[in-house]
Amino acid sequence: MTHTTVSHGVDKQVAKQSYLTRRGAVYWFRRRVPGDLVPVLKKSFWFDSLGTKDPREAAKLARARAAQTDHEIEAASKRLRGIVAPALKHAEAQALAKQELARWLTEDAEARLSWGRKANENAEVVIEAFESEAREALANGDWRPKAQQAHDVLCRAGRWYPEDDPSIRMMAGALLAAEVEWIEALKQRQAGKVVEVVAPPVHLRAAAPSVVHGRTLGDLIDAYRKNRIARRDEESTSRKYDHIFKALEAAIGRDRVVATITKQDCRDVKDLLQRIPAHMGKKYPGLGITEAIAAGERDGAAKLAPNTVVTYLHNLSAVFQWALDEDDGWLVKNPAKGLAEKGRPSVQRRGFTPEELLKLFTPLVAERVKKPWRFWVPALAAYSGARANELCQLRVADIVDVDGRVCIDLSVFDEDGVRVTDKRLKTAASARLIPLHPEIIAAGFADFVAAARRTGRDRLFPDLKEGPDGGYSHDLSKWFARHLDNVGLTAPSLVFHSFRHGFKDACRLAGIDSETSDALGGWAARGQSAKYGKRGMVPVLYRELVKVKFGAFRLPHAAGSGR
């Protein structure tokens, strides 16, 4: 806490009061929010002017404010732990509303004494507008606009309830009635009548708070983690979900009952995710998520990219959707549904022009011996539209012969039908059997594969190692970005994925129907295109694939090959 040392004896005594400080001549209340409650209360400090220069009055006001913040801390702690206060009684709601009414009337009296005639300027007009709205809300039972105010009143009393709890509704209804009483009192004061301010004591039950029984967030996190590791693997689960689990624990708490988690709780998680420093584990090793956020904001560190946050929010929704789909009664709706708002792309990607393809591939002929993936992965991408990781993870056994046509079998299963644990495809439509373009064959790809089989190696491009995201395209992506710069193709619209855009464009120019081009490139299967993964469709696909051309560009061959 902060104190101010002054020369007067009285001020020295006041300076020792907890949470009291001065700004100029006016005293302020200052108190630090406990670290674990910062995400709940959405602030690090209470810092409020006490509006007085008198040290004794300041001490009195600071003690009252300290008691109030004690209640707020208590309520926030309950929310963090998922502890719901006992159901509010009608008499308790009425007493709390009367206290609020007394506070409003006290503020009005102080304003009249401070402002004099100015306090009455347009007062009747304002009162009339308030009265019409307040009476209509009370008559219609329209309590929801008062829900946040009710929540705040209850939190100041040390009580927390989840959104739409009947106690929130009861408190909001009592506040509606109190607001009408307040307006009546203002009208009497405008007529010069005396209105006494009575703030009744509120005796809230001191019984131990009840806990809403059910499975907790900690149970859900542990169950989902176990389930996903069984379906995928531990590294992938940690990479995609650790930030989510930490944000859930920081914003909501492991002890919170899953069935009481609201949309607002998930918005709090979203807020934390948006504030996480990029590369948090490397920059702030050993720090919890709230501490790392505070350190990042102190250092001005870059935060997670918006698209990364969107991905995390989709995964957050997946956690709750999994719970919803289970038959164990976790919850009845997904509170994270609809939180992810995809931002507009800042760059519009495009395919390479024939001139750009020539500039890009000419230097790569020399790479075919030492680092063959630098030539073959871009070449395959250009003439198949396949994604980077689909090609980088290829195994030698994935290159198959179907009725005399060399094909790529893009699948997460091996030839015996057993799932390959380190292979993955983006969507169900990504699994496909596609013939290779004549340009790929003419450039010598079949000879490259035959040589790989003779060596007995498993993966087609063994130099490409598994990256931090669990795929094999990490090194390719970094190298390709440098290669584009080296050959002068620096437009932001050009990336490795431009091969995929270019293939789609080439299919359109060749007059290939959308179902066939979708089947070739692994876009979402629609209608008849879903059948094109069958071996019997290879001749149909090849007949259309040979139409794909990129103007005058031809894939360069190895030195001495005749082209």
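User: How do I read a helix pair here, and at what angle do the axes of helix H10 and helix H13 cross?

Analyst: Start with the two axes, then look at the direction of the crossing, then at the residues that touch. One thing to keep in mind is that this is a predicted model. Here, helix H10 spans residues 263–275 and helix H13 spans residues 306–325. Their axes come within 10 Å and cross at roughly 150 degrees.

User: Is the crossing of H10 and H13 left-handed or right-handed?

Analyst: H10 passes H13 in a right-handed crossing.

User: Which residues of H10 and H13 meet?

Analyst: From H10 come Cys266, Val269, Lys270, Leu273 and Gln274. From H13, the partners are Val309, Tyr312, Leu313, Leu316 and Phe320. Sorted by class, this contact has eight nonpolar residues, one polar and one charged.

User: Now the sheets, please. In what order do strands E1, E2 and E3 lie?

Analyst: For a sheet, read the strand order, then the pairing, then the edges. This open sheet has three strands in the order E1-E2-E3, and their pairing is antiparallel. Strand E1 (20–23) and strand E3 (45–49) are the edge strands, each pairing on one side only. From one strand to the next, the twist averages 30 degrees.

User: How many bridges pair E2 with E3?

Analyst: Strand E2, residues 26–32, pairs with E3 over five bridges in the antiparallel sense. To find one of them in the structure, look at Trp28, whose bridge partner in E3 is Ser49.

User: While we are on strands, how do the side chains of a regular strand alternate?

Analyst: In a regular strand, side chains alternate between the two faces of the sheet.

User: There is also a sheet with E4, E5 and E6. Why is one side of E4 and of E6 left without a neighbour in the sheet?

Analyst: First the order: three strands form an open, antiparallel sheet, arranged E4-E5-E6. Strand E4 (399–402) and strand E6 (432–435) stand at the edges with a single partner strand each, so one side of each has no neighbour in the sheet. Neighbouring strands in this sheet are turned against each other by 40 degrees on average, direction ignored.

User: Which residues can I follow across the strands, for example from Ile408 to its bridge partner in E6?

Analyst: Ile408 has Ile434 as its bridge partner in E6. Looking towards E4, Ile399 stands opposite Ile408 in E5. You can also find Asp409 opposite Leu433 in E6. Strand E5 covers residues 405–410 and is joined to E6 by four bridges, running antiparallel. Four bridges also join E4 to E5, again antiparallel.

User: How many residues lie between E4 and E5 in their hairpin?

Analyst: Two residues lie between them, and Asp403 in the turn has a positive phi of about 55 degrees.

User: Last topic: cavities. How many of 30 Å³ or more does the structure hold?

Analyst: For a cavity, read the volume, then the lining. The structure holds two cavities of 30 Å³ or more. The second largest has a volume of about 40 Å³.

User: Which residues line the second largest cavity?

Analyst: The lining is made of Phe352, Leu357, Ala382, Ser498, Phe499, Gly502 and Phe550. Helix H20 (residues 498–509) gives the largest share, three residues. By class, the lining has five nonpolar, two polar and no charged residues.

Technical notes:
Residues numbered from 1 in each chain as written. Predicted model: local features only at pLDDT ≥ 70, side-chain atom pairs only at ≥ 80, totals over all residues. Heavy atoms only, no water. Pairing = 2+ DSSP bridges. Axes fitted to C-alpha atoms, helices over the stretch in contact; angles between N-to-C directions. Left-handed = near helix turned anticlockwise from the far one by under 90°. Contact = heavy atoms within 4.5 Å. Nonpolar A, V, L, I, M, F, W, Y, C, P; charged D, E, K, R; others polar. 1 Å grid on protein atoms, 1.4 Å probe; cavity = no way out; pocket = protein on both sides within 12 Å on 5 of 7 lines; lining within 4 Å. Points joined across faces, edges and corners; volume = space filled by probe spheres on them.
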